Amino acid sequence: MNGNIAASPSVGGEIFIDSANTSSEVVRLDDSVIIDMLFDRDESVIAELSKKYGSYCTSIANNILRNREDSEECVNDTYMKTWETIPPEKPKLLAAFMGKITRNLAIDRYRRGHSQKRGGNDMELIFEELEECVSDGSSVEATAERREILAAVNRFLGKISVKNRIMFVSRYCYCESVHDIAARFGIKENNVSVSLNRTRAQLREYMKKEGYEL
């Protein structure tokens, strides 16, 4: 992902990195104006969503799907899902709201396309790494206590360093590769892997103390 990075420990129960493209070359409407357009059912808002958050959502989708056409379709579905859910929803952070939609749609599309091909790729590794920390006896994507688990993870992230938090969120929220994370921080890939391993170990202990049997 490109742009400014500022990891927030909690955004409506979700983890968020502010990496939307904020270049001044193209005039982008304020989020409050975009949300008003959605409430007014102004169909031109789709173009504004694409202009402001298209690159951001495409980056999230492509990190998961690794396929340009699938990613573009996923982003288009994100615009429609945003249109369908606002109103009644009125998110405080539109980027986080759309990022969550994109991520969920991309993961669903990934699962449909890889239901018979588990193992041996980066996305499956990400699922496996995260499940060992927060599975609570079932797959992380299917658990009935997802909101409670996310709240516990957010509390944990609020206790660690900003650098470790950004690495964790980049890897497990936005599905970035270890290579890309290392390039962002200007460090070796092994250093990123070690940091992620330590953070997961700390998270496992924290989740146990929170009452989740792993």
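The following dialogue introduces a predicted model and how some of its features may be read.

Q: Which secondary structure elements does the protein have, and in what order do they run from the N terminus?
A: One begins by listing helices and strands along the chain. Here the secondary structure comes to nine helices and two strands. From the N terminus on, the order is β-β-α-α-α-α-α-α-α-α-α.

Q: What share of the residues in the protein is buried?
A: Burial is judged from the accessible area of each residue. Of the 214 residues in the protein, 44% are buried. The protein exposes about 11,200 Å², and carbon and sulfur atoms supply 47% of that area.

Q: Which residues have the most contacts inside the largest nonpolar core?
A: A nonpolar core joins buried nonpolar residues through their side chains. The largest one in this model has 51 residues, and Leu94 and Met207 have the most contacts inside it. Helix H2 (residues 45–65) supplies the largest share of this core, nine residues.

Q: Which residues does Leu94 touch, not counting those up to four places away in sequence?
A: With those sequence neighbours set aside, Leu94 touches Asp31, Ile34, Leu49, Tyr53 and Ile86.

Q: At what angle do helix H8 and helix H9 pack?
A: The angle is taken between the helix axes. Helix H8 (residues 178–185) and helix H9 (residues 189–209) pack at about 105°, with axes 8 Å apart. Angles of 65 to 115 degrees count as roughly perpendicular, so H8 and H9 are roughly perpendicular to each other.

Q: Which residues make this contact between H8 and H9?
A: H8 contributes Val178, His179, Ile181 and Ala182, while H9 contributes Glu189, Val192, Ser193 and Leu196. By class, the contact has five nonpolar, two polar and one charged residues.

Definitions and conventions. Residues are numbered from 1 along each chain as its sequence is written. This is a predicted model: local features need pLDDT of at least 70, side-chain atom pairs count only at pLDDT 80 or more; totals for chains, interfaces and linings use all residues. Side-chain values use heavy atoms; hydrogens and water are left out. A nonpolar core is a set of buried Ala, Val, Leu, Ile, Met, Phe, Trp, Tyr and Cys residues joined through side-chain atoms within 4.5 Å. Buried means under 20% relative accessible area, exposed over 50%, partly exposed in between (1.4 Å probe, protein chains only). Helices (H or I, at least four residues) and strands (E, at least two) are DSSP runs, numbered from the N terminus. Contact means heavy atoms within 4.5 Å. Accessible areas come from the Shrake-Rupley method with a 1.4 Å probe; for residues, only the protein chains shown count as cover. Axes are lines fitted to C-alpha atoms, for helices over the stretch in contact, and angles run from 0 to 180 degrees between N-to-C directions. Angles under 35 degrees count as roughly parallel, over 145 as roughly antiparallel, 65 to 115 as roughly perpendicular and the rest as oblique. Ala, Val, Leu, Ile, Met, Phe, Trp, Tyr, Cys and Pro count as nonpolar, Asp, Glu, Lys and Arg as charged, and the others, Gly among them, as polar.
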